[in-house]
Amino acid sequence: MNRVTDPVVRAEAVVDLAAVRHNVGVLRRVAPGADLMVVLKADGYGHGAVEVARAALLAGATWLGVCTLDEAAALRAAGITAPLLSWLHLPGEDFAPAVASAVDLSVSSREHLAAVLAGARAAGRPARLHLKVDTGLSRNGAPAARWPDLLDDAAKAVADGEAEVVAVWSHLAAADTPDHPSLDVQAARLTAAWESTRARGLDPIRHLANSGATMSRPDLHFDLVRPGIAVYGLDPFDRPVAESPLVPAMTLRARVVLAKRVPAGEGVSYGHEWTTPRETTLALLPVGYADGVTRALNRHGRMRVLLGGALRPVVGRVCMDQVVVDCGDDEVRVGDEAVLFGAGGDGAPTAQDWADELGTIHYEVVTGVQFRRVVRVHTGGDEQQW
Ligand SMILES: Cc1ncc(COP(=O)(O)O)c(C=O)c1O
């Protein structure tokens, strides 16, 4: 596989599967009594769903979670047979292939349930349902007023042999704030919905906790936890890398394609927002906003990369395909590697640093890396066992 160590690769996102396994180990230790579903939506938060799934299962994860039927199908096509939940669908989708390949399906309305049951009939086997209740996020999930109707239909489907109710579940609104009052309210509402399901003679599990609640609220673990961001090593409470038990898995780096001396007084990049204050060496990196290195990163001139052992400023505007780095009088060569963000231990910026600069969250940073030109590479080994 091409790597940045290969002269033709311009930029790569290196995903350390040893870090993924470490993070899964951390999560298992904080939630020893619960099953562990690793959330792999959006191609594993940009890290590669199949590779992360394999690493996570090796490290003790017991379930996988995705957003779409296509994401679920990709995991099954890769030969991954672990329990797998998919949770955001249009009622018009064809659920038969998912039922046939033992993908558990979330339903939030009678319409969704009817569509899933049609898929179950076409597949010739019962659908495995996770009934989603809206406990306070006001996003997906059946509202309280619709829950009894959904339960009626689900209980009938079970009686007809068309479905099994595997779980009652919900999603938290403020798990990054462990003492936020909404957490207790949501947990109580979930438990009420679960008890009403049991009162129909069904015996589902309950699940609620994402990364934040998995790491801070053992009382909300119930039967299964569903961490996503923590698996990728990004701290749900935005703690600095040195203070977090997690290890960031993704490093984004690029190779210098041109280095040149430029005299004092020359404008750099579009709009000449930065002018060389002295003669200096400028290094050109072949990544830009089309690759996920968003323009706003250098809006205030604070973007830095680790190049040649030092943090160096990106100067001038970020372009679609390239950025310019000021290296002063230090020697820099074509082919040298620059780290744009990484695990933090080497002094390079982190995804959290980017998020702080951009006024966003690290989730958006790692899912924002574009793989049209950036190559994704997995290291850390165990994927080769599959
Ligand atoms: C339904 C559901 N469960 C779990 C998660 C994982 O959340 P986090 O990445 O905060 O751990 C997500 C992601 O947003 C989600 O949508």
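## Ligand shell, domains and core of a predicted model

The ligand is surrounded by V39, W87, H171, N210, S211, R226, P227, G228, I229, A230 and P236. By class, this shell consists of six nonpolar, four polar and one charged residue. The structure described here is a predicted model.

One member of the shell, P236, can be followed further. P236 is placed in the loop between strand 9 (224–225) and strand 10 (250–255). Is P236 buried or exposed? P236 counts as buried because it has 24 C-beta neighbours inside 10 Å, where 20 or more are required. Leaving out residues up to four places away in sequence, P236 touches D176, S211, G212, M215, I229 and A230. Of these, S211, I229 and A230 also belong to the ligand shell. P236 and T214 are separated by 22 residues in sequence and by 9.9 Å in space, C-alpha to C-alpha.

The domain assignment of the protein gives domain 1 (31–232) and domain 2 (250–383). Their C-alpha centres lie 39 Å apart. Where the two domains meet, 11 residues of domain 1 are in contact with nine residues of domain 2. Helix 2 (41–45) and helix 3 (49–58) each supply at least two residues of the side of domain 1 that touches domain 2. Helix 3 gives the most to that side, with four residues. The classes of residue in the two groups are set out below.

| Group | Nonpolar | Polar | Charged |
|---|---|---|---|
| Shell around the ligand | six residues | four residues | one residue |
| Side of domain 1 that touches domain 2 | six residues | three residues | two residues |

The interior of the protein can be described in similar terms. The largest nonpolar core has 119 residues, and those with the most contacts inside it are V38, A56, V116, L129, V325 and A338. Domain 1 (31–232) and domain 2 (250–383) both give residues to this core, so the core lies between them. For L129, the contacts beyond its neighbours within four places in sequence are L105, V107, V116, A154, A163, E164, V165 and V166. V116 is thus both a contact of L129 and one of the residues with the most contacts inside the core.

Considered as a whole, the protein has 386 residues, of which 49% are buried. It contains 11 helices and 19 strands. The C-alpha atoms fill a box of roughly 80 × 40 × 35 Å along the principal axes. Among contacts between residues at least 6 apart in sequence, 65% join residues at least 24 apart.

Key. Residues are numbered from 1 along each chain as its sequence is written. This is a predicted model: local features need pLDDT of at least 70, side-chain atom pairs count only at pLDDT 80 or more; totals for chains, interfaces and linings use all residues. Domain bounds come from an automatic or database domain assignment. Two residues are in contact if their C-beta atoms, placed from the backbone, lie within 7 Å. Ala, Val, Leu, Ile, Met, Phe, Trp, Tyr, Cys and Pro count as nonpolar, Asp, Glu, Lys and Arg as charged, and the others, Gly among them, as polar. A residue is near a molecule or strand if its C-beta atom, placed from the backbone, lies within 6 Å of it. A residue is buried if 20 or more other C-beta atoms lie within 10 Å of its own, exposed if 12 or fewer, and partly exposed in between; C-beta atoms are placed from the backbone. A nonpolar core is a set of buried Ala, Val, Leu, Ile, Met, Phe, Trp, Tyr and Cys residues joined through C-beta atoms within 7 Å.
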